[in-house]
Structure formats: C-alpha cells, structure tokens
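Visitor: I am new to this structure and would like a close look at a single part of it. Please start with the overall layout and then go to that part.

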Amino acid sequence: ITTCIGILAVDFSSIFPREHAKTEAYGYSLMDLGTGCVVCVGAVCSRAARGVAVDRRAWAVLKRAISLWPVLVLGLARLALLRAIDYHVPTSEYGVHWNFFFTIAVINLVAAAADLGPHASGVAGAVLLVVY
C-alpha cells in the first residue's frame, strides 16, 4: 500500500521528493525498490508458488481480470488526473499512457494465462534476468 501511495504521490513534488522517484539513468531508488517488491511478493504469494491447484481454463484468466478492477481503476484514475491537470509525465518511465498500475495488471494476466508452475516459472525468471 505504501508503494502505491508513493507512486501516486510522486507526481506532486510538493508532497513527494523527486529523488525518491524511479531512476532514469542507472542505480535504484525507493520507488524502484517498491515496484520490485510488489512484483516479488505477488510471485511468492501466488497460488502456483503455494502449490494450490490452479484452474487452467480461460475462465480462470477472466476471473483474474475481473479481480484486478481496483488496480485498473487506480491506473485509469492516475491517467485521467494527470491528463486533467495537464501534468508533465516523464516518458522515460512508462511512456505517455502507461503506468505502474497497468503493469501490475498485465503481469497478473500474463501469469494467469501462462500458468507455468513453480519450477518452470523459476527457469523463465532466470532466463529473463540473464537476457535483461
């Protein structure tokens, strides 16, 4: 929750110092750490990681998409608010229309659709890390 508040607050420099925002050239910042933690915690707490049977049908992906409504609402609200006040959005972070909340939604949907299981997910993660 703190990471989400920080992501929303970073656009308002009077509230949130810009040095804690995403880094643009190298290194890491508080926001980078929070983003990585949200993704890692989601992976560790997933049904597949806990060994709970996962429904592999398209219905499971649809259920996951429906359950992501709060994240999508936050992403759309951030996008609409920044557009409404004509706030400058650094395109080096996510582009013009994209934001962290949309990224989390897409990661969840891709994970539900792929449903690789714990061992294959570890291999896929290691491969992505090396390629990156």
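Guide: This is a predicted model. Read from the N terminus, the elements of the protein chain run α-α-α-α-α-α. That makes six helices and zero strands. The chain has 132 residues, and 23% of them count as buried. Its accessible surface comes to about 9200 Å², with 70% of that belonging to carbon and sulfur atoms. Among contacts between residues at least 6 apart in sequence, 60% join residues at least 24 apart.

The part to look at is helix 3, which covers residues 58-67. Two of its residues are taken in turn here, Leu62 and Val61.

Leu62 belongs to a nonpolar surface patch, which it makes together with Trp59 and Ile66. The area of this patch is about 330 Å². Leu62 has a relative accessibility of 42%, so it counts as partly exposed.

Val61 sits in helix 3 as well. Its relative accessibility is 24%, and because buried means under 20%, Val61 counts as partly exposed. What does Val61 touch, leaving aside its neighbours within four places in sequence? The contacts of Val61 are with Leu109, Ala112 and Ala113. Val61 can also be paired with Asn108, which is 47 residues away along the chain. The C-alpha atoms of Val61 and Asn108 are separated by 9.2 Å.

From there the view can move to helix 5, which covers residues 100-114. The largest nonpolar core consists of six residues: Leu68, Val71, Phe100, Phe101, Ile104 and Ala105. Helix 5 gives four residues to this core, the largest share. One member of the core, Ala105, can be followed through its contacts. With neighbours within four places in sequence left aside, Ala105 is in contact with Leu68, Val71 and Leu72. Of these partners, Leu68 and Val71 are also listed in the core.

One last point concerns the cysteines. How many disulfides does the structure hold? The number is zero. For Cys37, the closest cysteine sulfur is in Cys40, at 6.6 Å, and a disulfide needs the two sulfur atoms within 2.5 Å, so the pair is too far apart for a bond. Seen from Cys40, the closest cysteine sulfur is the one in Cys37. Cys37 itself, at 40% relative accessibility, counts as partly exposed.

Notes: Residues are numbered from 1 along each chain as its sequence is written. This is a predicted model: local features need pLDDT of at least 70, side-chain atom pairs count only at pLDDT 80 or more; totals for chains, interfaces and linings use all residues. Side-chain values use heavy atoms; hydrogens and water are left out. Patches are made of residues with over 30% relative accessible area and no salt bridge: like charges are joined within 9 Å, nonpolar side chains (Val, Leu, Ile, Met, Phe, Trp, Tyr) within 5 Å. Accessible areas come from the Shrake-Rupley method with a 1.4 Å probe; for residues, only the protein chains shown count as cover. A salt bridge is a side-chain nitrogen of Lys or Arg within 4 Å of a carboxyl oxygen of Asp or Glu. Buried means under 20% relative accessible area, exposed over 50%, partly exposed in between (1.4 Å probe, protein chains only). A nonpolar core is a set of buried Ala, Val, Leu, Ile, Met, Phe, Trp, Tyr and Cys residues joined through side-chain atoms within 4.5 Å. Contact means heavy atoms within 4.5 Å.
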